[in-house]
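Biologist: Please examine one part of this model closely and explain how it is joined to its surroundings. A single connected account, moving from the charged contacts to the packing, would serve best.

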Amino acid sequence: VLGTGVTSFEELPPDGVAMVHGPQGGWHFPAAVRVDNSLDVVTIQTMVYDEETSTPLTELQEVRVHLVSDGTCTGYYANLILYLDHAQLAPERPFTDLPAVLSCREVVVNICVEDERGWEDCSDDVVLMRPDPNDVESGLVEPCL
């Protein structure tokens, strides 16, 4: 199950997820994953696509992690950072225009999880990208209506 969260798994809010404008000047989406009935060590693959055009907005990311168990055959991994890039979607726009290009836009987050015994599951979730509140406050981008 796709979620969000930096320190724990949180359900995706129905009004979308705010992009984070990081300290190095880029933007990312803080994802989290909850997995049922798997071994504790899993490989997670993620990609983010523009929902309207299917254009990739991230590179394929793969991490091998140890899930945090909740004691009921369910585990999660938080703070899965999905770095966003709009270069293929709007190549004429500079990188600093990313929040204007992606804010208030639906994206598809493809996530696949495989444990050490070969059990695998994938999902595609549509998520509304909201702008970083600091970018709205500074006038870099308008809020979603």
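Modeller: The structure holds five salt bridges, and it should be said at once that this is a predicted model. Among these salt bridges is the one between the side chains of Arg-105 and Asp-50, with 2.4 Å from N to O. This contact links distant parts of the chain, as Arg-105 belongs to strand S9 (residues 105-115) and Asp-50 to strand S5 (residues 41-50), 55 residues apart. The two partners are covered to unlike degrees: Asp-50 is buried at 1% relative accessibility, while Arg-105 is partly exposed at 23%.

A second salt bridge joins Arg-93 to Asp-97, where the closest N and O atoms are 3.0 Å apart. Here Arg-93 is partly exposed, with a relative accessible area of 34%, and Asp-97 is also partly exposed, at 23%. Another is formed by Arg-117 and Asp-115, whose side chains meet at 3.3 Å, N to O. In that pair, Asp-115 is buried with a relative accessible area of 4%, whereas Arg-117 is exposed at 51%. The value for Arg-117 counts as exposed because the cut-off for that class is over 50%.

From the charged contacts, the account turns to strand S4 as the part to be examined closely. This strand covers residues 27-36, and eight of its 10 residues are buried. Its pairing can be followed strand by strand. Strand S1 (residues 2-4) runs antiparallel to S4 over three bridges, and Gly-3 has Ala-32 of S4 as its bridge partner. Strand S3 (residues 20-21) is also antiparallel to S4, over two bridges, with Val-20 opposite His-28. S3 and S4 form a hairpin with five residues between the strands, in which Gly-25 takes a positive phi near 95 degrees. S8 pairs with S4 in the antiparallel sense as well, over eight bridges. Along this pairing, His-28 stands opposite Tyr-83. His-28 therefore appears in both the S3 pairing and the S8 pairing, standing opposite Val-20 in the former and Tyr-83 in the latter.

One general point helps in reading the side chains of such a strand. In a regular strand, the side chains alternate between the two faces of the sheet.

The strand begins with an aromatic contact. A search of the whole structure finds one aromatic pair. It is formed by Trp-27 and Phe-95, which are tilted, at 5.6 Å centre to centre with 55 degrees between the planes. Trp-27 lies in S4 and Phe-95 in the loop between strand S8 (74-83) and helix H1 (98-102), so the pair ties together parts that are 68 residues apart in sequence. Trp-27 is buried at 3% relative accessibility, and Phe-95 is partly exposed, with a relative accessible area of 38%.

Beyond this pair, S4 contributes to the interior. The largest nonpolar core has 28 residues, of which Phe-29, Ile-44, Leu-84, Leu-102, Val-109 and Met-129 touch the most other members. Two or more residues of the core come from each of S4, S5, S8, H1, S9 and strand S10 (120-130). S4 gives the largest share, five residues. The contacts of Phe-29 show how this residue meets other parts of the chain. Leaving aside neighbours within four places in sequence, Phe-29 is in contact with Gly-3, Thr-4, Leu-12, Val-17, Leu-80, Ile-81, Leu-82, Leu-84, Val-109 and Met-129. Of these, Leu-84, Val-109 and Met-129 are, with Phe-29, among the core residues that touch the most other members.

At the other end of the strand, the chain enters the loop between S4 and S5, where Asn-37 is found. Phi of Asn-37 is near 55 degrees, a positive value in a residue other than glycine. Asn-37 is exposed, with a relative accessible area of 53%, in contrast to S4, which is mostly covered. A positive phi also occurs at Cys-104, again a residue other than glycine, with a value near 65 degrees. Cys-104 is found in the loop between H1 and S9 and is partly exposed at 36% relative accessibility.

Key
Residues numbered from 1 in each chain as written. Predicted model: local features only at pLDDT ≥ 70, side-chain atom pairs only at ≥ 80, totals over all residues. Heavy atoms only, no water. Phe/Tyr/Trp six-rings, centres within 6.5 Å; stacked < 30°, edge-to-face > 60°. Helix = DSSP H or I, 4+ residues; strand = E, 2+ residues; numbered from the N terminus. Buried < 20%, exposed > 50% of the residue type's maximum accessible area, 1.4 Å probe, protein only. Salt bridge = Lys/Arg side-chain N within 4 Å of Asp/Glu carboxyl O. Pairing = 2+ DSSP bridges. Core = buried A, V, L, I, M, F, W, Y, C linked by side-chain atoms within 4.5 Å. Contact = heavy atoms within 4.5 Å.
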